[in-house]
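Here's a quick briefing to read alongside the model. Take a look at the structure first, then we'll walk through it.

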Amino acid sequence: MIIERTAPFVLPRRAGYDVCTILLPSFASRISLVLRVVAEAVIRKIPSSAIKVALYRLLGVRIGRDVYIAPRVILDPVHPRLIELADG
């Protein structure tokens with residue numbers, strides 16, 4: 001009986017996987033990140049919660065009904081699609 005030994009925490013290589021794409025992201029992804037960070041800085045200054053909710057939804061945050069976002073609240077600008085706020 002032959003048992004194949006694999007190193008722990010080592011992912012198999014896939015087609016299209018390249019270390020350079022992780023360490024040196026594309027120009028478009030850099031611009032996208034800069035725009036999201038700038039948008040977050042602008043949203044942070046807006047006092048109205050209804051406008052904040054609408055802008056966060058445009059960024060990709062899933063926000064339920066009747067949600068209030070207090071002043072000076074910061075949501076993650078890097079991965080806004082991972083944030084979900086349930087109904088209010």
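Which helix do the buried residues of α2 pack against? They pack against α3, residues 49–59. Keep in mind that this is a predicted model. The notes below start with the whole chain and then zoom in on α2.

**Layout of the chain**
- The chain holds three helices and two strands.
- Going along the sequence, you'll meet them in the pattern α-α-α-β-β.

**Burial, contacts and surface**
- Out of the 88 residues in the chain, 19% are buried.
- If you take the contacts with a separation of 6 or more, 18% of them join residues that sit 24 or more positions apart.
- The chain exposes about 7,500 Å², and 64% of that area is supplied by carbon and sulfur atoms.

**Helix α2 up close**
- Helix α2 covers residues 27–45, so to speak a run of 19 residues.
- From the first C-alpha of α2 to the last, the helix reaches 28 Å, close to the 27 Å expected at 1.5 Å a residue.
- R36, E40 and I43 are the buried residues to look for in α2.
- These buried residues lie on the same side of α2, because they cover an arc of only 70° around the axis.
- Flip to the other side of α2 and you'll find F27, L35 and K45, which are exposed.
- As for the partner, the buried residues of α2 pack against α3 (49–59).

Methods. Residues are numbered from 1 along each chain as its sequence is written. This is a predicted model: local features need pLDDT of at least 70, side-chain atom pairs count only at pLDDT 80 or more; totals for chains, interfaces and linings use all residues. Side-chain values use heavy atoms; hydrogens and water are left out. Helices (H or I, at least four residues) and strands (E, at least two) are DSSP runs, numbered from the N terminus. Buried means under 20% relative accessible area, exposed over 50%, partly exposed in between (1.4 Å probe, protein chains only). Contact means heavy atoms within 4.5 Å. Accessible areas come from the Shrake-Rupley method with a 1.4 Å probe; for residues, only the protein chains shown count as cover. The expected span of a helix is 1.5 Å times one less than its number of residues. The arc is that of the directions from the helix axis to the C-beta atoms.
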